[in-house]
Amino acid sequence: MYDKKTVQTAQRLVLHDSLRTYKVKNSRFNLAGQAKETPTKKGAIALFSSKESMQKSHGVVVTSFEALGAIADRMTHWTPNTFNWLGYTQNRANVRGHREDNLAQINTLVVDIDFADAQERDAREQEVLGAVTVADLFIPTMILRTAKGYHVYYVFDHPMFLRKKRGQFPVLKAAQKMSSFVRQWIQERVAGVDVGCNNFGIFRIPRQDNLVFFDAHMLVQVSALMKWSQYYATQVPVPKPDNRQVISLAPDEGRQVDQAWFKALLKVTTVKSGQGLARHNTVLTLALAMYQSKISQQRARDVLDVFNSNLHDPLADREVVQCVRDAYSGNYRGAALSYVQGLLEQWVPNFSGKVVTGMGWHKFAKPRSERQYSHAHEWRRDVLALINQMGGDSAAVAISTRQIQTELGISPASLNRVMKQLQAAYQLKKVQRGNQPTLLTTVTMLFKSAMVSRQAQSQAWKGYLTTLVPTIATSGYDLPLWTLVAVQKRENEAPPWGAETRSQTG
């Protein structure tokens with residue numbers, strides 16, 4: 001458990017000085033010498049005291065760090081990205097204004113990982129730790145433990161400020177793509193990522209009882225993440241076409257409610273909460289399909305009321321109403337391809353159709369099993385996976401190039417080229433030891449080793465305190481946080497997604 005000062009540091013680090021220092025009114029600390037704030041425009045965030053309050057938008061608007069410090073330890077959720085303004089409805093019952101087109105700046109990406117229950121969450125902790133170092137480049141700034149999973153924060157080195165250009169928010173679109181690729185990367189390595197939640201919405205707030213990892217030096221460089229996202233976009237596999245039934249999702253190619261996927265989802269009764277794309281995403285996707293098909297809003301509510309009533313674990317009626325309202329707000333054109341694919345994979349696994357974009361045919365690459373040669377990015381992924389697997393929870397592993405060649409079946413020339421690329425991209429560090437096998441370490445290994453070490457130190461410290469005064473064991477003391485070993489600087493070759501990428505290990 002971290003102390004209160006560290007938790008407050010984590011909260012301020014996320015917000016990037018986007019709030020006022022003192023309250024505008026009734027400040028307890030704004031003395032004569034502190035009376036004037038800088039003229040720079042500041043924003044607002046919202047806090048909620050429980051998940052139920054969050055779902056009803058019953059929250060508190062905060063515009064200063066003084067106000068945040070006064071109530072943060074009584075709150076469970078917040079908006080870690082700052083809005084231009086936030087307010088209340090007329091009766092002050094609900095917070096209003098927390099929508100994406102009102103964002104002032106994007107401070108962090110947050111990945112929500114949910115499991116069936118707390119027992120599965122604890123059992124799969126090491127699996128999560130091995131999956132959240134994105135591309136062996138980007139380490140989380142902090143990890144929060146939730147009731148059934150984790151909220152993983154990747155705090156930017158500087159905020160992304162939103163500006164409207166020709167009616168659009170290009171920075172917001174870029175951030176949405178980066179968030180989507182980060183979630184997809186993690187989803188491929190650990191199940192339970194909620195790929196459908198709002199990219200920059202409401203998440204758990206760091207508190208003493210949920211903060212399990214924090215390092216203020218682990219900030220994600222925005223330019224590096226953007227270049228990696230551009231590279232990763234070229235590596236995303238496109239499904240191979242076959243002779244199954246084709247479903248078109250292009251809004252100009254007919255009504256989505258007439259397509260087989262809509263009818264298949266409408267019959268599902270087993271959709272539940274807590275794992276990936278769940279009830280809320282399903283209802284919203286169905287509502288968007290009806291909006292695209294020009295079904296009246298009242299008719300959509302009637303259809304989805306019946307759908308929700310048939311679920312074994314239904315949503316609250318007000319949430320269904322909100323989903324329909326959001327779908328018919330005019331901010332969307334229809335059901336999105338990625339959401340439909342994800343819902344079908346999760347809740348209709350035996351569905352016989354395939355989804356295309358309606359933008360024409362693509363040239364599809366052959367699966368690796370059908371090719372004689374592997375691509376360089378595939379070998380890089382294999383080498384990293386092998387080293388991470390052999391390293392376990394240690395910070396480094398002694399392994400020879402001959403052993404890697406034997407395990408993977410890669411040629412010496414290819415392995416040498418791949419190792420150089422990984423070192424140039426800061427994904428691998430080699431330490432030569434004369435005639436002994438070379439020591440290899442990756443960012444993932446360093447992160448997992450540090451987490452295990454910190455947990456062990458915490459338990460040892462608590463045990464030591466217990467021998468002195470038994471009641472101290474539950475008082476929340478902890479040891480100082482670890483510091484990562486610096487990863488080797490780039491030498492010759494540039495990383496595959498740009499020459500300016502640098503280590504996130506600080």
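Two strands count as paired here if DSSP finds at least two bridges between them. Keep that rule in mind for the strand views below; the whole model is predicted.

**Close-up A. Three strands, β14, β16 and β15, make an open sheet in that order.** The pairing in this sheet is antiparallel. Which strands sit at the edges? They are β14 (397-398) and β15 (429-433), and each of them pairs on one side only. Look at β14 next to β16 (residues 436-441): two bridges hold this antiparallel pair. Across from V397 you'll find L440 in β16. As a general point, side chains in a regular strand alternate between the two faces of the sheet.

**Close-up B. Strand β7 (103-114) is largely enclosed by the rest of the structure.** Why can we say that about β7? Because twelve of its twelve residues are buried. One of its partners is β4 (residues 82-83), which pairs with β7 in the antiparallel sense over two bridges. In this part of the view, F83 faces L103 of β7. β7 also runs antiparallel to β9, and nine bridges join these two strands. To find your way along the β7 and β9 pairing, start at V111, which stands opposite V152 in β9.

**Close-up C. The largest nonpolar core has 55 residues.** Which residues touch the most other members of this core? They are Y154, I186 and W228. Two or more residues each come from β1 (45-48), β7 (103-114), α5 (125-131), β9 (149-161), α6 (170-187), β11 (211-214), α7 (222-235) and α16 (443-468). Helix α6 provides the largest share of the core, with seven residues. Zoom in on I186 and leave aside residues up to four places away in sequence: the ones I186 touches are V111, I113, A131, V132, V134, Y154 and V193. There's another core lying apart from this one, and it has 33 residues, including V257, V271, V320 and V324.

**Close-up D. Ring pairs link F138, F181, W185, W228 and Y232 into a cluster.** The model has seven aromatic pairs in total. One of them joins F138 and W228 edge-to-face, with 6.1 Å from centre to centre and 75 degrees between the planes. F138 comes from the loop between α5 and β8 (142-145) and W228 from helix α7, so this pair ties together parts that are 90 residues apart in sequence. Is F138 buried or exposed? F138 is buried, since its relative accessible area is 1%. W228 also counts as buried, at 1% relative accessibility.

**Close-up E. Y291 and Y328 form an edge-to-face aromatic pair.** The ring centres of Y291 and Y328 are 5.2 Å apart, and there are 75 degrees between the planes. Y291 belongs to helix α9 (residues 279-292), while Y328 is in the loop between α11 (317-327) and α12 (337-347), so the pair links parts that are 37 residues apart in sequence. Y291 is partly exposed, at 26% relative accessibility. Y328, on the other hand, is buried, with a relative accessible area of 16%. The cut-off explains this: buried means under 20% relative accessible area.

**Close-up F. Two arginines sit over aromatic rings, R12 over F65 and R189 over W185.** The charged end of R12 is 4.0 Å from the centre of the F65 ring. R189 lies over the face of W185, at 3.4 Å from the ring centre. You've met W185 already, as part of the ring cluster with F138 and W228.

**Close-up G. S64 is a buried residue in the loop between β2 (59-62) and α3 (65-71).** S64 counts as buried because its relative accessibility is 2%. What does its side chain reach? The S64 side chain gets to the backbone nitrogen of A67, at 3.1 Å. Setting aside neighbours within four places in sequence, S64 also contacts L19, R20, T21, Y22 and K23.

**Zooming out: the chain has 16 helices and 16 strands.** Out of its 506 residues, 47% count as buried. Among contacts in the chain with a separation of 6 or more, 75% are between residues 24 or more positions apart.

Definitions and conventions:
Residues are numbered from 1 along each chain as its sequence is written. This is a predicted model: local features need pLDDT of at least 70, side-chain atom pairs count only at pLDDT 80 or more; totals for chains, interfaces and linings use all residues. Side-chain values use heavy atoms; hydrogens and water are left out. A nonpolar core is a set of buried Ala, Val, Leu, Ile, Met, Phe, Trp, Tyr and Cys residues joined through side-chain atoms within 4.5 Å. Buried means under 20% relative accessible area, exposed over 50%, partly exposed in between (1.4 Å probe, protein chains only). Helices (H or I, at least four residues) and strands (E, at least two) are DSSP runs, numbered from the N terminus. Contact means heavy atoms within 4.5 Å. A polar contact is a pair of N or O atoms within 3.5 Å; within protein, one must be able to donate a hydrogen and the other to accept it, and residues adjacent in sequence count only if both atoms are side-chain atoms. Rings of Phe, Tyr and Trp (its six-membered ring) pair if their centres lie within 6.5 Å; planes under 30 degrees apart count as stacked, over 60 as edge-to-face and the rest as tilted. A charge sits over a ring if NZ of Lys or CZ of Arg is within 6 Å of the ring centre and within 35 degrees of the ring normal.
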